[in-house]
Amino acid sequence: MGFLDGLLGHGSDLSPAEVHEQLAGVLTEGEIVQVAFRLIRDLIVFTDRRLILVDKQGITGRKVQYMTVPYRAITCFSVETAGSFDLDSELKIWVSGRPDPIMKTLKRGADILGIQQAIASSIR
């Protein structure tokens with residue numbers, strides 16, 4: 001991923017080994033990273049057990065929120081691709097026990113269809 005793509009928030013696949021190293025304290029023993037996407041500083045990580053949304057906050061990104069969503073808790077999801085005038089894509093994930101969906105806005109060029117495929121194959 002180039003420097004400009006990183007600034008613009010273009011999604012990209014990350015190697016499972018790279019993500020495993022970044023999430024060393026978050027992943028459980030034997031948990032396998034299947035696919036991951038970088039969104040500027042944030043990550044969407046699909047493991048063999050759960051979906052992990054990593055939200056780096058603040059100017060330095062030292063404050064980090066980790067949201068875990070077990071695949072069995074995902075009731076539905078939607079993706080909206082970017083259009084001619086609306087340059088952002090949108091991902092919404094509804095989780096049982098939450099009235100509002102988890103929403104992520106993705107910049108043009110983000111692999112929204114790759115994310116959609118990862119969710120669809122994980123919730124079977």
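1. **Order of elements.** Read along the sequence, the chain runs α-β-α-β-β-β-β-β-β-β-α. That pattern holds three helices and eight strands. Keep in mind that this is a predicted model.

2. **Burial and contacts overall.** The protein chain has 124 residues, and 36% of them are buried. Now take the contacts with a separation of 6 or more. Residues 24 or more positions apart account for 33% of these.

3. **Strand S2.** This strand covers residues 33-39. Is it enclosed or open to the outside? Five of its seven residues are buried, so S2 is largely enclosed by the rest of the structure. "Buried" here means under 20% relative accessible area.

4. **The S2-S3 hairpin.** Strand S3 spans residues 42-47. S2 and S3 pair in the antiparallel sense, over six bridges. One pair to find on screen is Val35 with its bridge partner in S3, Phe46. Two residues separate the strands of this hairpin. Look at Ile40 in the turn: its phi is positive, about 55°.

5. **A three-stranded sheet.** Strands of a sheet pair through backbone hydrogen bonds, either parallel or antiparallel. Which arrangement do S6, S7 and S8 show? They form an open sheet in the order S6-S7-S8, and the pairing is antiparallel. S6 (74-80) and S8 are the edge strands, each pairing on one side only. From one strand to the next, the twist averages 10°.

6. **S6 against S7.** S7 takes in residues 89-95, and six bridges join S6 to it. The two strands run antiparallel. Two pairs help you trace the match. Ile74 stands opposite Val95 in S7. Cys76 stands opposite Trp94 in S7.

7. **S7 against S8.** Here five bridges join the strands, again antiparallel. Glu90 has Thr105 as its bridge partner in S8. S7 and S8 also form a hairpin, with six residues between them. Gly97 sits in the turn and has a positive phi of about 90°.

8. **Two faces of S7.** In a regular strand the side chains alternate between the two faces of the sheet. S7 is a good place to see it. Which of its side chains are buried? Ser89, Leu91, Ile93 and Val95 point to one face and are buried. Glu90, Lys92 and Trp94 point to the other face and are not buried. Note Trp94 and Val95 together: Trp94 pairs with Cys76, while Val95 pairs with Ile74.

9. **Helix H3 on the sheet.** This helix is made of residues 112-123. It lies across S6, S7 and S8. Relative to S6, H3 runs at about 165°.

10. **The largest pocket.** Rolling a probe the size of a water molecule over the atoms shows where empty space is left. The largest pocket has a volume of about 300 Å³. Its lining has 16 residues. Nearest its centre lie Leu39, Asp42, Asp55, Lys104 and Thr105. Thr105 is also the bridge partner of Glu90.

11. **What lines the pocket.** Which strand gives the largest share of the lining? S8 does, with five residues. S4 (50-57), S5 (63-70) and S8 (102-106) each supply at least two residues. By class, the lining has seven nonpolar, three polar and six charged residues. S8 therefore deserves a second look in the viewer, as an edge strand of the sheet and as a part of this lining.

How values were computed
Residues are numbered from 1 along each chain as its sequence is written. This is a predicted model: local features need pLDDT of at least 70, side-chain atom pairs count only at pLDDT 80 or more; totals for chains, interfaces and linings use all residues. Side-chain values use heavy atoms; hydrogens and water are left out. On a 1 Å grid over the protein atoms alone, a cavity is a set of points where a 1.4 Å probe fits but cannot get out, and a pocket is an open set with protein on both sides within 12 Å along at least five of seven lines; lining residues have an atom within 4 Å of a point. Grid points are joined across faces, edges and corners, and a volume is the space filled by probe spheres set on the points. Helices (H or I, at least four residues) and strands (E, at least two) are DSSP runs, numbered from the N terminus. Ala, Val, Leu, Ile, Met, Phe, Trp, Tyr, Cys and Pro count as nonpolar, Asp, Glu, Lys and Arg as charged, and the others, Gly among them, as polar. Two strands pair if DSSP finds at least two bridges between them. Axes are lines fitted to C-alpha atoms, for helices over the stretch in contact, and angles run from 0 to 180 degrees between N-to-C directions. Contact means heavy atoms within 4.5 Å. Buried means under 20% relative accessible area, exposed over 50%, partly exposed in between (1.4 Å probe, protein chains only).
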